[in-house]
Amino acid sequence: MTVLHRAISSVRQGDAVETHGELHRAILNNIPDQAWLKDAESRYILVNDAFMAACGRTEADIIGSTPDKVWSSEWGRVYLATDRAVVASGVRRRYEESRPGADGAPRWFDTVKMPVRDAHGRIVGTVGISRDITDRKRSEMALLDSRAQLRQLSAYLQTVREAERTRLSRELHDELGQWLGGLRLGLNYLETQPDLPAADQSAQIQMLKGLVDETIDAVHRIAADLRPAVLDELGLHAALEWLTESFAQRHGLPCELAMPEAVTACLDSECSTAIFRIVQESLTNASRHGQPTQVRVTLELRDGHCHVCISDDGRGMNPLRAGHGQRLGLMGMRERALMLGGAFDIESAPGQGTRVVVRIPARPTTLASHASTIQATHDAGWPCV
């Protein structure tokens, strides 16, 4: 803008503009943004190379013309109106506008127009500069979209949490409540029947033991659904074996796991939990939406990262629509990977199955275990970090 003011000062000097016209043009051309100078009737007096490139016209076509002869009729009317407003008010105007670029794609511009006054303070023209802010606008829109997605994800997590509490409450009441109620009735019966024959008493006790076993199994199943103890006690490899076997039994689908046990040693608890939940969500999505005949889960260590792939031969989907839609389960998986410095991607097409691909930096559990980790991965032929 300082350079532009110098040009304006030269305009005020009348004959000096003609004398130093080439110099002024050279100064304007050093401005990367579109810049122009007009008289009070909105006729172009001076433009720079960026301006000519933007409108796709030569200097000879532009100089002496008004905006409606240089731009489209729609934008010409807009520019004439803003020029007249600046001349009438004598006040600087700044606004953002969107118009097609040279390639036809929409672009955003930050435009400033100011009045030019002569030595007596009379307005004799306008000067303007327009900066391409398309990248900044795209970043702003991406940020707003990201915030909207985070709000949706937060609401989704609240809904999931309430649904989980409802399920847990129902299972505690319907299953554990019934088993414990049966135990109480059986004990009351034994208490009120002291003269019960030994055979009947033994049968009653065996029945109560059966109820205790059912109760213990129900407690183990509910606890495993909340968080499988095998993940904390035996590690990710055992937990994924349990998960894929449970999935295959529950849905009657072949579910193959390919994962060297040494990978577990390269992942701390946070990474292991994230990978377990991503695989769990992917298997749930495959059973609900994919209609596959088989599913495969693979984990491998490469370049200091754990690469996870969950693939199926189901009906697939359009990943672009899934990525921009309300698939909050996918958004949750992506956030888990990003929070650990990783990456998340989906490869799919209608009728061609789905591949969920995740990459998470490997992080050994503790320094104390680092030596054993290095040895384990060395034996397997992989670098851990």
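## Exercises on a five-stranded sheet and its helices

In this predicted model, the hairpin of β4 and β5 has 5 residues between its strands, and G121 there takes a positive phi near 85°. Let us start from that turn and work outwards.

### Exercise 1: the strands around the hairpin

Work out how many bridges join β4 to β5, and which residue of β5 stands opposite R117.

*Solution.*
- Step 1. Follow β4 (106–117) and β5 (123–132) on either side of the turn. The two strands run antiparallel, with 9 bridges joining them.
- Step 2. Look at R117: opposite this residue, in β5, is I123.
- Step 3. Now turn to β1, which is joined to β5 by 6 bridges, again antiparallel. One position to check is K38, which faces T126 of β5.

### Exercise 2: the order of the sheet

Find the order of the strands in the open sheet, then explain why β2 and β3 each have one side without a neighbour.

*Solution.*
- Step 1. Add the pairing of β1 (residues 34–39) with β2, which is antiparallel and counts 3 bridges. Within it, W36 has V47 of β2 as its bridge partner.
- Step 2. Put the strands in sequence across the sheet: the 5 strands are ordered β2-β1-β5-β4-β3, with antiparallel pairing.
- Step 3. Inspect the ends of that order. Because β2 (44–47) and β3 (93–100) are the edge strands, each has a single partner, and one side of each lacks a neighbour in the sheet.
- Step 4. Finish with the geometry: from one strand to the next, the twist averages 25°.

### Exercise 3: helices on the sheet

Determine which strands α7 touches and which strands α8 lies across.

*Solution.*
- Step 1. Take α7 (residues 73–89), which packs on the sheet and touches β1, β3, β4 and β5. Its direction makes about 175° with that of β3.
- Step 2. Take α8 (residues 134–192), which lies across β3, β4 and β5. Relative to β4, α8 runs at about 125°.

### Exercise 4: helix α11

Compare the span of α11 with the expected value, and identify what covers its buried residues.

*Solution.*
- Step 1. α11 (residues 236–251) has 16 residues, and the distance from its first C-alpha to its last is 22 Å, close to the 22 Å expected at 1.5 Å a residue.
- Step 2. Select the residues under 20% relative accessible area. The buried set of α11 includes L236, H237, L240, L243 and F247.
- Step 3. Search for the cover: it includes α10 (229–233), β6 (255–258), α12 (262–265), α13 (269–290) and β7 (295–302).
- Step 4. Check what follows α11: G252, with a positive phi near 65°.

Technical notes. Residues are numbered from 1 along each chain as its sequence is written. This is a predicted model: local features need pLDDT of at least 70, side-chain atom pairs count only at pLDDT 80 or more; totals for chains, interfaces and linings use all residues. Side-chain values use heavy atoms; hydrogens and water are left out. Two strands pair if DSSP finds at least two bridges between them. Helices (H or I, at least four residues) and strands (E, at least two) are DSSP runs, numbered from the N terminus. Axes are lines fitted to C-alpha atoms, for helices over the stretch in contact, and angles run from 0 to 180 degrees between N-to-C directions. Contact means heavy atoms within 4.5 Å. The expected span of a helix is 1.5 Å times one less than its number of residues. Buried means under 20% relative accessible area, exposed over 50%, partly exposed in between (1.4 Å probe, protein chains only).
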